[in-house]
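Subject: Structure to look at

Hi,

Here is the structure I promised to pass on. Have a look at it first, and then read my notes underneath.

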Amino acid sequence: MSVLRFWIEHRQELATLFAQHVFLVAVSTTIAVLIGVPLGIFASRRPRLAAPFVAIANIAQTVPSLAMFGFLLPVPLIGGVGARAALAVLILYGLLPIVRSTIVGITGIDRSIKEAGVGMGMTPRELLRQIELPLALPSIVAGIRVAAVVGVGSATIAAAIGAGGLGQYIYRGLSMVDSSVILAGAIPAALLALGVDGGLLWLERRLSPRRGRKSRRAAEAVALSLIGLLLAGSAVLSARASSSIVVGSKNFTEQLILGEIVAQTIERETGLKVERRLNLGGTLICDRALLSGDIDVYVEYTGTALTAIFHQQPSNDPRAVTEKVRELYAGTGRTLLAPLGYDNTFAILVRGADARARGLRTIDDAAKVTPEWKAGFGYEFLERPDGYKGLAKTYGLTFRAPPQVMDLTLSYRALASGQVDLIAGDATAGLIKALDLFQLADNRRYFPPYDAVPVAHASTLLRYPQVRRALERLAGRITAADMREMNNAADTRRENPADIARSFLDRRQ
Amino acid sequence: MSGIEFRGVCFGRNGRPRILDDFSLAVGAGEVVALVGASGAGKTTVLKLVNRLLLPGAGDVRVQDKDTREWDPIRLRRSVGYVIQEIGLFPHLTVADNIAVVPRLERWSDDRVAARVRELLALMDLDPDTYANRWPDELSGGQRQRVGVARALAIDPPVLLLDEPFGALDPVTRRQLQSEFRRIQARLRKSVLLVTHDMGEAMMLGDRVGVMDDGRLIWCGPPRAIAECDDPRVRRFVDAATPPMPTGTESP
């Protein structure tokens, strides 16, 4: 029911995301057909080439799609973030089934049939068009069907690089730990996959050789006009507004709200058009997108920039870290603006009940009881230089078992429900309050500062100095309490990040 | 004028250098020559040299007094009707569309194509109204064979190649088609080169019979003369021949 309500409330956005999704799949599948079928025909003529072709396509297929997006980020022309890179990946995935089914379809034709055609005086072109393609068509369409259905699934991941589509709801739902938002994206995606599968199955049957010329012509006409309509319609709906400021964000609640705050501030103060490319899949993707100019501004945390982006040793002095990061950004054509005012450091969290029962206040207190506890950490926390290893060393932490790897946002629920006893969350997480969790004090000052600061592409600020002035107005305006409250509004009261940002900015004015 | 002429043709491939060895034969206009030989004797190669699916390694093959090397292969193949052993009807086309393939490639008008299809079906003793819109897999073996021949005759080529045309049929259907072939040939007078492994069929259909062994033509002459040949390689075929036809006149 809550899914239905979500759809009704977000019907316009849903339509756009659905159109973007259809656009991604339709364009990528069409291009994959335009490349894959001729490639398959070519390979079927040269049996020695066919095997390596299929092998290469096979390898491309086995690369996980998120990894593929990662590989393509720095590639010029097709790389970066946005629909272009997503299309490149989806085309690569679509090629394999299409090339393979074309090869199978053509080489599977009875030799005697081809020989009869050649013996009758058909040119290679006539043989291809009148005999080979019609007989291979059901097989080719079956391959296109596989490609399109796989495409619908893979396109959900495209949201990680800001290409839009129904994956946005899935990612948003994951970061909000709201299964109804996940379903709001997953259900239409599944229906779309079923629809595409059914539609192409129908087409496959209509195109079978047993049908007369006429009905095949009709099916071809229906298919072509449908593809044309889809391309045109979805292109219009998902077209990127030109000459606008692009605001990015990472893929968790706080970042979505900050993205909205930044976007709305620019809109209010400058009147420039702002495009939102929120919910990008992580620090690395945001950083690359900013570097390549695919986004103009997003909010980064000083400690994260220092260690994860610039690979420097962590440091505990907030002011020194901010200056160091500003310098490093300036060296790569980017500008660190004024800090927003709060420090989103890691928070070592336990259940409030445990903290009260055992009188735990600091991480030192907890270190005495952790040998009988289980811990759950996000993979990022386990890997980063200012993460788990250093923490365990500094406080002498040991656990009953090696820490469990889990999604950061899921770990709050895992802690509250008793699956684990200690997690590393964000200090500003709204769920801390909502789930009655307790943040242990970092009494040995292990964690470096994570001041939230907008980072912008320097050339954008030069071109639009008003953007800089607008964002400077946010300096020191957001406290940790503000942020925790806004996160709570999104995570537990299910308010829309855009609305939360709007009411926050209204109150500040 | 001769329909087909082979002059000292050699043909080989890597691994089998002597598939045809100094092969010479002429098929006159309106004549039927039936080649007999064991499998691997090079019979199908002989046919493929005629419509330039293969080119000779040495010697010439001439079709209508023109070397196949000088022919445009597409024009040549459209001037030579070719019925392969497996017939090779196009499964995605109806009987009528199968027969109409070459006329349509030649850009005949729709009316002319339709009239020709009906004419050929009638010639092959297939009722046009019943069979024109059938699919190949709805036909019996004998009917498929007739459609294959009709398709080869579609634009009335002067030369016809038949590769084991009745090989896959039951004896009764086979006899029936053989006599029909004689009836049709009496009307159409094509230059026909026919390949079979059955001496009885060769003697019934051929104006002349050629016997092939290991890439060579070892005997060639009218069917009645073959009885007098005492080459053991030829006798082997004669002795294994199907018994004489009850209605046959040429058979000894």
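Let me start with Arg52(B), which counts as buried because 22 C-beta neighbours lie inside 10 Å. A quick caveat before the rest: this is a predicted model.

Back to that arginine. Arg52(B) sits in the loop between α1 (43-50) and β4 (58-63) of chain B. Its backbone is worth a look as well: phi of Arg52(B) is near 60°, a positive value in a residue other than glycine. Most residues other than glycine have a negative phi. Chain B has another case in Arg107(B), where phi is also near 60° and again positive in a non-glycine residue. Arg107(B) is found in the loop between α3 and α4 (110-123) of chain B. Is Arg107(B) buried or exposed? Exposed, because it has 7 other C-beta atoms within 10 Å, and the cut-off for exposed is 12 or fewer.

Now the sheets of chain B. One is an open sheet of 6 strands, ordered β6-β7-β8-β3-β9-β10, and its pairing is mixed. At its edges are β6 (80-83) and β10 (216-221) of chain B, each of which pairs on one side only. From one strand to the next, the twist averages 15°. At the β10 end, β9 (residues 208-213) of chain B pairs with β10(B) in the antiparallel sense, over 5 bridges. If you want a spot to zoom in on there, Val209(B) stands opposite Gly221(B) of β10(B).

The helix just before the Arg52(B) loop has a part in this too: α1(B) lies across β3 (32-37), β6, β7 (159-163), β8 (191-196) and β9 of chain B. Relative to β8(B), α1(B) runs at about 155°.

There is also an open sheet of 4 strands in chain B, with the order β2-β1-β4-β5 and antiparallel pairing. Why is one side of β2 (16-28) and of β5 (66-67) of chain B left without a neighbour in the sheet? Both stand at the edges and each has a single partner strand, so there is nothing in the sheet on the other side. Further in, β1 (residues 2-13) of chain B runs antiparallel to β4(B), and 5 bridges join the two. Glu5(B) has Arg62(B) in β4(B) as its bridge partner.

On to the helices. In chain B, α3 (residues 95-105) packs against α6 (residues 141-152) at an angle of about 25°, and their axes are 8 Å apart. That angle makes α3(B) roughly parallel to α6(B), and the crossing is right-handed. From α3(B), the residues in contact are Val95(B), Asn98(B), Ile99(B) and Val101(B), and they meet Val147(B), Ala150(B) and Arg151(B) of α6(B). By class, that contact comes to 5 nonpolar, 1 polar and 1 charged residues.

Helix α3 turns up again where the chains meet. The contact between chains A and B takes 16 residues from each of them. On the side of chain B that touches chain A, α2 (73-79) and α3 are the elements that give two or more residues. That side of chain B divides into 10 nonpolar, 3 polar and 3 charged residues.

Finally, chain A. It has 24 helices and 10 strands, and buried residues make up 48% of its 509 residues. Of the contacts in chain A between residues at least 6 apart in sequence, 78% join residues at least 24 apart.

Cheers

How values were computed. Residues are numbered from 1 along each chain as its sequence is written. Chains are lettered from A and ligands numbered from 1 in the order in which they are written. This is a predicted model: local features need pLDDT of at least 70, side-chain atom pairs count only at pLDDT 80 or more; totals for chains, interfaces and linings use all residues. Axes are lines fitted to C-alpha atoms, for helices over the stretch in contact, and angles run from 0 to 180 degrees between N-to-C directions. Angles under 35 degrees count as roughly parallel, over 145 as roughly antiparallel, 65 to 115 as roughly perpendicular and the rest as oblique. A crossing is left-handed if the near helix is turned anticlockwise from the far one by less than a right angle, and right-handed if clockwise. Two residues are in contact if their C-beta atoms, placed from the backbone, lie within 7 Å. Ala, Val, Leu, Ile, Met, Phe, Trp, Tyr, Cys and Pro count as nonpolar, Asp, Glu, Lys and Arg as charged, and the others, Gly among them, as polar. A residue is buried if 20 or more other C-beta atoms lie within 10 Å of its own, exposed if 12 or fewer, and partly exposed in between; C-beta atoms are placed from the backbone. Two strands pair if DSSP finds at least two bridges between them.
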